[in-house]
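Trainee: I'd like to practise backing each label with a value. Could we go through a structure together?
Mentor: Happily, ask away.

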Amino acid sequence: MHSVGQSERWLSVKKNSAAEPPGLHVTAQQLSARDAVFVYEEHQRHPANIAAAYVFDRSRGEVTPFGTEQVHAWVRDRLGHSPIFHRRLARIPGDLDLPYWVPDAGFRLADHVTLNGPEVFDWDEIRRRIAAIASTRMDLSRPPWEIHIFERVARFPGYPAVTVVVLKFHHSAADGMGTRTLESKLFGAVDIPPAPTVDHHSWSESTALLRSAGLLPYRCVRFVAGLIRTRRAAQAAAAGVAAKALYEPIAHRPATRFNHAVRSELVFDLIPIPLRAVLDLKAAMPGRTTVNDLMLAVISGALDAYLRERGETPAASLGAMVPMSMRGTARWNSANQLCLMSVDLHTDIADSLSRLQAIQVSARREKERWANADVLRREARLHTSPAWLLRLVGWVRAQQSFDDIETVPLVNTTISNVPPVTERLEFLDLPGVSAFGVLPVFDGDGLRHLVSSQGEELWISVSADSKMMPDLEHYGELLRGSFRQLAEAAGSLGE
């Protein structure tokens, strides 16, 4: 299904001709509604950032200190890989229509690339700096990306000396899978692309405003027709639920300490688990068990233990928001092609293996729900929603109070899982040894998890509001303990 913004562009991208230089041709492009939501729903306590960090080993022999010109040259050589590097956001006055990505005439590389060095940073200090990077809103009057390079870092787990590179961009420009694609071009074995050509004449605010005003009656009719279609789809989905062919997630969960307004700084930590141990546990489980199933169960056990230690055991099971790529399932013409599953964590089940099995069932039902044609048609109401309505919904959500709440809709925490890096990564001849992400927290979701793997380690990156979780390292120990408990229970199956 095509969005209004991309199926009805007023801009036309020229076809390549012999007269045009090869490589990327950057023009203006309207956002899809699915991508624009990340613009409209963002506010000071709800940043819409993606922050990915890459670790490169510099402990093998002498490494010449980097220079600003050297780093800028490395980045400049790769600007032809994606239009994200060259376009800023432009909103239509009054949000009469969806925003556009437009070529930035004032682009300066120095506004986007920061080299920190040559002094040595301790890993704990870098964690604080990465947390600040991940939680700081981006300036969308410039292209929405940043690269932060920490040249010399000591005490990263397993390595005496590393370089850490943080890639940050706005969620409206890409999702997790888009991150993987971009990083393989930046740090992978890809030829340097030709210099891009940027068409600064492809955007006119007055022309876009006139077009939006002219299309307003059609958009209203399209919105009403979309409501009728999605209402029918909702009725069909409800019939599927009644027949137990579909299972809707539990509508409300008990609120925990992590489901109030975010009021303190972001803290994050990395919890490593040997990948070999994870794969061995996966192989020991009966039936089809995924790594994602295991991590949901591990986090469920740790979250239950953390709340129980504080006498805050919830009255019912907690739930997790689990993003899932819809590539190959739905035809969404947007940069963000993911759905947000609501998976029951079954924290009310004490036995670790029984909890895992229940989580597997819940996760499978959510995947089946999001593959259902009626559910997809029901959720397609977003694609025909006018920009002003999306903005209004974002404003209403920003006004929501999380004080003195007893329940929250659907979920209590986020557990995201990104696929491993499949290619060898390098930065200025330094080999990549690890990659992980850091999720910003926001009101109602003050504890978030991002699972990734690279090399011999699986990493659970935990982000939290520092007052909601003042003892993040202890939570890391609970995560390790939850994994050990599950592994020991699985080992008993063969006895």
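Trainee: Why is D124 called partly exposed?
Mentor: This is a predicted model, and in it D124 has 26% relative accessibility. Partly exposed covers the range between under 20% and over 50%, so D124 counts as partly exposed.

Trainee: What makes D124 and R155 a salt bridge?
Mentor: Their closest N and O atoms are 3.2 Å apart, and the cut-off is within 4 Å, so the pair qualifies. D124 lies in helix α4 and R155 in strand β7, so the pair ties together parts that are 31 residues apart in sequence.

Trainee: How do you know that E125 and R128 are separated by about one helical turn?
Mentor: Both belong to helix α4, where they are three residues apart. They also form a salt bridge, with the closest N and O atoms 3.0 Å apart.

Trainee: Why is R128 called exposed?
Mentor: Its relative accessibility is 53%, and exposed means over 50%, so R128 earns the label. E125, at 26%, is partly exposed. While we are on pairs, salt bridges with shared partners join D122, D124, R127, R155 and D269 into one network.

Trainee: Why is D95 called buried?
Mentor: D95 has 3% relative accessibility, and buried means under 20%, so D95 counts as buried. Its side chain meets that of R91 in a salt bridge at 2.8 Å, N to O. R91 has 35% relative accessibility and is therefore partly exposed.

Trainee: How many salt bridges does the whole structure hold?
Mentor: A search finds 34.

Terms used
Residues numbered from 1 in each chain as written. Predicted model: local features only at pLDDT ≥ 70, side-chain atom pairs only at ≥ 80, totals over all residues. Heavy atoms only, no water. Buried < 20%, exposed > 50% of the residue type's maximum accessible area, 1.4 Å probe, protein only. Helix = DSSP H or I, 4+ residues; strand = E, 2+ residues; numbered from the N terminus.
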